[in-house]
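Hi,

Here is the structure I said I would pass on. Have a look at it first, and then read on for what I found.

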Amino acid sequence: MEIPYTLAPGAYPPAPASPPSVSLSLYAAEEVTIPTFSRASVPTGVSMAIPEGAMGSLGVEPGLVTTDTVNPGDSSEIIVHLLNTGPTVTFRPGCLVAGLMIHPDPHARFIKVDELPHRLP
């Protein structure tokens, strides 16, 4: 799968994470400090055109929380919205901020039933 992307001036290109990880590393484009139990947004300077039929999810280091996704058709800059539950952290330009995983969209069908099996297959 090829995913086109653009970079803002001074931004760092996404790069494959170290094996055995299958994610793509995203880096901070500017300095952001997040105190303990605070929220902040960290720009990456990367915009992607994820194709229809796929989506991206972001993973972060322990002590940080994000629920960000990258949807097909949204080619705006990827900005990582974080909640810091650990000690104060500072992201400087070029620091790893998140791992991006690309997932196929399974288009799950939800079926109402009267009773669920005791054990799912």
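To start with the strands: over how many bridges do β3 and β11 pair? Four, and strand β3, residues 24-27, runs antiparallel to β11 there. One of the contacts to look for is L26, which has A98 of β11 as its bridge partner. Do keep in mind as you click around that this is a predicted model.

That pair belongs to an open sheet of five strands, in the order β2-β3-β11-β6-β8, with antiparallel pairing. At the edges stand β2 (15-16) and β8 (69-70), and each has a single partner strand, so one side of each has no neighbour in the sheet.

Stepping back to the whole chain, you'll count eleven strands and zero helices. From the N terminus on, the elements simply read β-β-β-β-β-β-β-β-β-β-β. The radius of gyration is 17 Å, while a compact globule of 121 residues would have one near 14 Å. Along the principal axes, the C-alpha trace spans about 55 × 35 × 25 Å. Of the 121 residues, 30% are buried. The chain exposes about 8,000 Å², and carbon and sulfur atoms supply 58% of that area. If you take the contacts between residues at least 6 apart in sequence, 64% of them join residues at least 24 apart.

Next, have a look at β9, residues 77-84. Its side chains alternate: I78, V80, L82 and N84 point to one face and are buried. E77, I79, H81 and L83 point to the other face and are not buried.

Which strands pair with β9? One is β5 (residues 38-48), antiparallel to β9 over seven bridges. In that pairing V42 has V80 as its bridge partner, and V80 is among the buried residues of β9. The strand β7 (residues 64-65) also pairs with β9 in the antiparallel sense, over two bridges. There V65 stands opposite L83, a residue on the face of β9 that is not buried.

Now for the charges. The count comes to one salt bridge, and it is made by the side chains of E31 and R92, at 3.8 Å from N to O. E31 sits in the loop between β3 and β4 (32-34) and R92 in the loop between β10 (89-91) and β11, so the pair ties together parts that are 61 residues apart in sequence. Are the two partners buried or exposed? In between: E31 counts as partly exposed because its relative accessibility is 48%, and R92 counts as partly exposed too, at 46%.

One backbone oddity is worth a click. F37, in the loop between β4 and β5, has a positive phi of about 55° although it is not a glycine. Most residues other than glycine have a negative phi. The residue F37 is also exposed, with a relative accessible area of 65%.

Last, the surface. I111, V113 and L116 make a nonpolar patch of about 320 Å². Within that patch, V113 is found in the segment after β11 (96-104). With a relative accessible area of 44%, V113 is partly exposed.

If you only have a few minutes, I'd look at the alternating side chains of β9, the E31 and R92 salt bridge and the positive phi at F37.

Cheers

How values were computed: Residues are numbered from 1 along each chain as its sequence is written. This is a predicted model: local features need pLDDT of at least 70, side-chain atom pairs count only at pLDDT 80 or more; totals for chains, interfaces and linings use all residues. Side-chain values use heavy atoms; hydrogens and water are left out. Patches are made of residues with over 30% relative accessible area and no salt bridge: like charges are joined within 9 Å, nonpolar side chains (Val, Leu, Ile, Met, Phe, Trp, Tyr) within 5 Å. Accessible areas come from the Shrake-Rupley method with a 1.4 Å probe; for residues, only the protein chains shown count as cover. A salt bridge is a side-chain nitrogen of Lys or Arg within 4 Å of a carboxyl oxygen of Asp or Glu. Buried means under 20% relative accessible area, exposed over 50%, partly exposed in between (1.4 Å probe, protein chains only). Two strands pair if DSSP finds at least two bridges between them. The radius of gyration is taken over C-alpha atoms; the globule rule is 2.2 Å times the number of residues to the power 0.38. Contact means heavy atoms within 4.5 Å.
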